[in-house]
Amino acid sequence: MKASLLDLVGTLTGEFIAGDGGAEVRDIVYDSRHGQPGDVFVALPSVQHDGHDFIGDAYSRGVRAFVVERWPKGAPEGDVTVFQVPDSRVALAGMSAAYFGHPARKLTVIGLTGTKGKTTTSYIIKAICEASGVNVGIIGSNGITYPAPDDPRAVDGIYHTKGLNTTPESYELEHIFSDMVTAGVTTVIMEATSQGFMMHRTDGVQFNIGVFTNISHDHISPLEHPSFEHYFACKKRIFDQSDVVVVNRDAELFDQIVEGVTTPLKTYGLSAGVDFHGQIEAEETTPGVHNQRFVCQAPDFTGEFDINLVGKFNVSNALCAIAVADILGLPVEAMRAGLASAKAMGRLEVIDVPAPYTVLIDFAHNRLSMEAMIEGVQAYHPKRLLAVFGLEGDRSHERRFDCGEMLGRYMDYTILSDASPRMDNPDQILADIATGIERGGGAGKHETIRDRHVSIPKILDMAGPGDVVLLVGKGAVTYEEVMGVNYPFDERDVVADYFAKP
């Protein structure tokens, strides 16, 4: 991909304070360790590291072109080209889109935001698209997946990789879009997080359809958002980047979500007066299996659908997917087939076990998702609820106490275990959750075993007929992140090993 720095920054606000930008750019980098001669280094500020501190390192690796917010004292001079901008994250997004030839414009892009429901809804939409014969890719917390039969990285014609962020950095996002276009993908479904909006990762991407599932207090911490108002404002940016937005009418803060919005809206929900109205007709549950049948009354049709996912919230997610599919012009029969086959790894995911009880894996990590999970598992009419639970580190401390209270209120027994503490103190994370359990009335009904290799077999030893075992906090994540290092770990393997023993 050939372009000069002048070409890449042509639409940006800024100025050259050294050089003229005429030289050809080999690639764009924002990690100095990856810099090579011919690259342009974009210095990104962040809470933990400031890219401006690594200009010298990039220079030592042969980089001579830089996009910065400031040129620090002591930085190299003489043979450098420097373009100064007000916001280097905005610059990275614009440059990346230009570098890859604006690939998002060649795709139908569906963006989903909300505190919960993004991943499951994404996979339901994906299932409907596939049932319609649409060549579809997905980007989100479960990684990047799309059909790529000619890609040597693909397995059985499907390329999959785990992304570092639910919404990738703008350069990575544009690179993914470009690869998808090359592979023949026509539609991409992506989770658009508040962090993604805040850090300008989706700048320049116009969503053909946006989705806003709900909003609740979460992601408020020194490493995330300073306040709920800031978090909410970042979420609402999806309205500015979408041709039409599908909104959950049942969301607790619906009026605030749509306040001041001029973007065309479509609503869905289980309450009356919405564009896509659902009504649950029947539920059927056996150990490890749950089917819900519901009727959707849409502007142009009324149909009956089945979904093999628990909880009213998943009927809501299904209604959202139907709304998106209808806007895309997909047939009702494809909606029906997609819903019947839809599933999302790590979201009330049923693990098939040779036992008279149900084992589920979920990623519940805040009050709202805990409430939804607990509501959902009631469909199994559990004799007891047993849980292994933990929370990721470097995230809001408030959620630790909130989740703990829910555990104390509803679980018959909980074992607290690590779930990627990252750079945080794992003992403190679990101690805070335990405090919440005590507040919720769970005194004497919990213990701490940090290693899930130990805690999962123990909770399975405790389980009996009719119980539901919940492995919560990791979801689809198949590694354990500790002090910047990822260690392979999959709860499914631990469960399989348990039942493989004689």
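**View 1. The crossing of helices α12 and α13 in this predicted model is right-handed.** The model is predicted, and this view takes up the pair formed by helix α12, residues 367–377, and helix α13, residues 398–410, whose axes come within 8 Å and cross at roughly 25 degrees. Because angles under 35 degrees count as roughly parallel, α12 is described as roughly parallel to α13. On the side of α12, the residues that meet the partner helix are R367, M370, E371 and I374, and on the side of α13 they are D402, C403, E405, M406, L407, R409 and Y410. Sorted by class, the contact of α12 with α13 holds 6 nonpolar and 5 charged residues, with no polar ones.

**View 2. Helix α12 is mostly covered, with 8 of its 11 residues buried.** The buried residues of α12 are L368, S369, M370, A372, M373, I374, G376 and V377. They pack against several elements, namely the helices α10 (312–328) and α13 together with the strands β20, β21 and β24. Two of the buried residues, M370 and I374, can also be found among the residues of α12 that meet α13.

**View 3. Helices α13 and α14 cross in a right-handed way.** The axes of α13 and helix α14, which spans residues 426–439, come within 6 Å and cross at roughly 45 degrees. That angle makes α13 oblique to α14. The contact is made by R400, F401, G404, E405, L407 and G408 of α13, which face Q428, I429, D432, I433, T435, G436, I437 and R439 of α14. By class, this contact of α13 with α14 has 5 nonpolar, 5 polar and 4 charged residues. E405 and L407 of α13 belong to this contact, and both residues also take part in the meeting of α13 with α12.

**View 4. Six strands form an open sheet with mixed pairing.** Read across the sheet, the order of the strands is β19-β20-β24-β21-β22-β23. Strands β19 (349–351) and β23 (446–448) stand at the edges, and because each has a single partner strand, one side of each is left without a neighbour in the sheet. From one strand to the next, the twist averages 20 degrees. Within this sheet, strand β21 (residues 385–389) and strand β22 (residues 413–416) run parallel and are joined by 4 bridges, and one place to look at this pairing is A387, whose bridge partner in β22 is T414. As background, strands of a sheet pair through backbone hydrogen bonds, either parallel or antiparallel.

**View 5. Helix α16 lies across three strands, β19, β20 and β24.** The helix covers residues 491–500, while β20 covers 358–362 and β24 covers 468–472. Helix α16 runs at about 25 degrees to β19, which is one of the two edge strands of the six-stranded sheet.

**View 6. A further open sheet has 5 strands in the order β2-β7-β6-β5-β4.** The pairing in this sheet is mixed, and its edge strands are β2 (15–18) and β4 (28–29), each of which pairs on one side only. Strand β6 (residues 65–68) and strand β7 (residues 81–84) pair in the parallel sense over 4 bridges, and in this pairing V68 stands opposite Q84 in β7. Strands β2 and β7, by contrast, pair in the antiparallel sense over 3 bridges, with V82 in β7 as the bridge partner of A18. When following the strands in this view, it may help to recall that in a regular strand the side chains alternate between the two faces of the sheet.

**View 7. Two loop residues, H381 and M483, have positive phi values although neither is a glycine.** The phi angle of H381 is near 45 degrees, and this residue lies in the loop between α12 and β21. H381 is exposed, with a relative accessible area of 67%. The phi angle of M483 is about 50 degrees, and its place is in the loop between β25 (479–482) and β26 (485–488). With a relative accessibility of 52%, M483 counts as exposed too, since the cut-off for that word is a value over 50%.

Key
Residues are numbered from 1 along each chain as its sequence is written. This is a predicted model: local features need pLDDT of at least 70, side-chain atom pairs count only at pLDDT 80 or more; totals for chains, interfaces and linings use all residues. Side-chain values use heavy atoms; hydrogens and water are left out. Two strands pair if DSSP finds at least two bridges between them. Axes are lines fitted to C-alpha atoms, for helices over the stretch in contact, and angles run from 0 to 180 degrees between N-to-C directions. Contact means heavy atoms within 4.5 Å. Angles under 35 degrees count as roughly parallel, over 145 as roughly antiparallel, 65 to 115 as roughly perpendicular and the rest as oblique. A crossing is left-handed if the near helix is turned anticlockwise from the far one by less than a right angle, and right-handed if clockwise. Ala, Val, Leu, Ile, Met, Phe, Trp, Tyr, Cys and Pro count as nonpolar, Asp, Glu, Lys and Arg as charged, and the others, Gly among them, as polar. Buried means under 20% relative accessible area, exposed over 50%, partly exposed in between (1.4 Å probe, protein chains only).
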